[in-house]
Amino acid sequence: MRKGEREMAISSFLPLLTVALVLTAVVAKKSGDVTELQIGVKYKPETCDIQAHKGDKIKVHYRGSLTDGSVFDSSYERGDPIEFELGSGQVIKGWDQGLLGMCVGEKRKLKIPSKLGYGAQGSPPKIPGGATLIFDTELVAVNGKGSSQGTSDNEL
């Protein structure tokens, strides 16, 4: 291939490459996938007397879904919040990071990228590999101390 032919081939290839990159970005954006942890505070109590820190034993109510809206797990349905030590690796990294500093009674929506969730392997059969996870969470207690305010599943 001569220099002129090579330049012509490259110049005709660049628009195709640009279109492919734009389409990839649009598909990723449309699907709701994220590349970094996103934390949205949905409700915060007027006073924050008890806050979650690394090493605390916390109780959390949650509803986990995929970006298509399908729910894969919910502690509300069982009526039993999960209890674990924050920051100790007992849960996915997105939770260990996304629940830090949360107040008892606070509600957060966590959008967790695959790398902070279940990664490329997923958690079959309900969570496919590479899935972005969305969790509606509510901190119920820290080290056995809860809030005097109760909230219902409908308020999420």
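Here are a few worked exercises on a predicted model, mostly about strand β2 and its surroundings.

Before you start: residues are numbered from 1 along each chain as its sequence is written, and side-chain values use heavy atoms, with hydrogens and water left out. Since this is a prediction, local features need pLDDT of at least 70 and side-chain atom pairs count only at pLDDT 80 or more, while totals for chains, interfaces and linings use all residues.

**Exercise 1. List the elements of the protein chain in order.**

Start with the counts: there are 3 helices and 7 strands. These are DSSP runs, numbered from the N terminus: helices are H or I with at least four residues, strands are E with at least two. Now read from the N terminus, and you get α-β-β-β-α-β-α-β-β-β.

**Exercise 2. Find which strands pair with β2, and how.**

Strands pair here if DSSP finds at least two bridges between them.

- Step 1: β2 covers residues 57-66. Its pairing with β6 (residues 133-142) is antiparallel, over 9 bridges, and L66 stands opposite L133.
- Step 2: β4 (residues 82-85) is joined to β2 by 4 bridges, also antiparallel. Here K57 faces E85.
- Step 3: β3 (residues 71-74) has 3 antiparallel bridges to β2, with S65 opposite V71. The hairpin of β2 and β3 has 4 residues between the strands, and G69 in it takes a positive phi near 95°.

**Exercise 3. Is β2 mostly covered or mostly open, and what does it add to the core?**

First, cover: 8 of the 10 residues of β2 are buried (under 20% relative accessible area with a 1.4 Å probe, protein chains only; exposed is over 50%, partly exposed in between). So β2 is mostly covered.

Next, the core, meaning a set of buried Ala, Val, Leu, Ile, Met, Phe, Trp, Tyr and Cys residues joined through side-chain atoms within 4.5 Å. The largest one has 23 residues, and I58, W95, L99, L133 and F135 touch the most other members. β2, β5 (107-112) and β6 each supply at least two residues of this core.

Last, zoom in on F135. Leaving aside neighbours within four places in sequence, its contacts (heavy atoms within 4.5 Å) include Y62, F72, W95 and L110.

**Exercise 4. Place D49: is it buried or exposed?**

D49 sits in the loop between β1 (38-43) and β2. Its relative accessible area is 70%, so D49 is exposed. For a long-range check, take S147: the two are 98 residues apart in sequence, yet 9.0 Å apart C-alpha to C-alpha.
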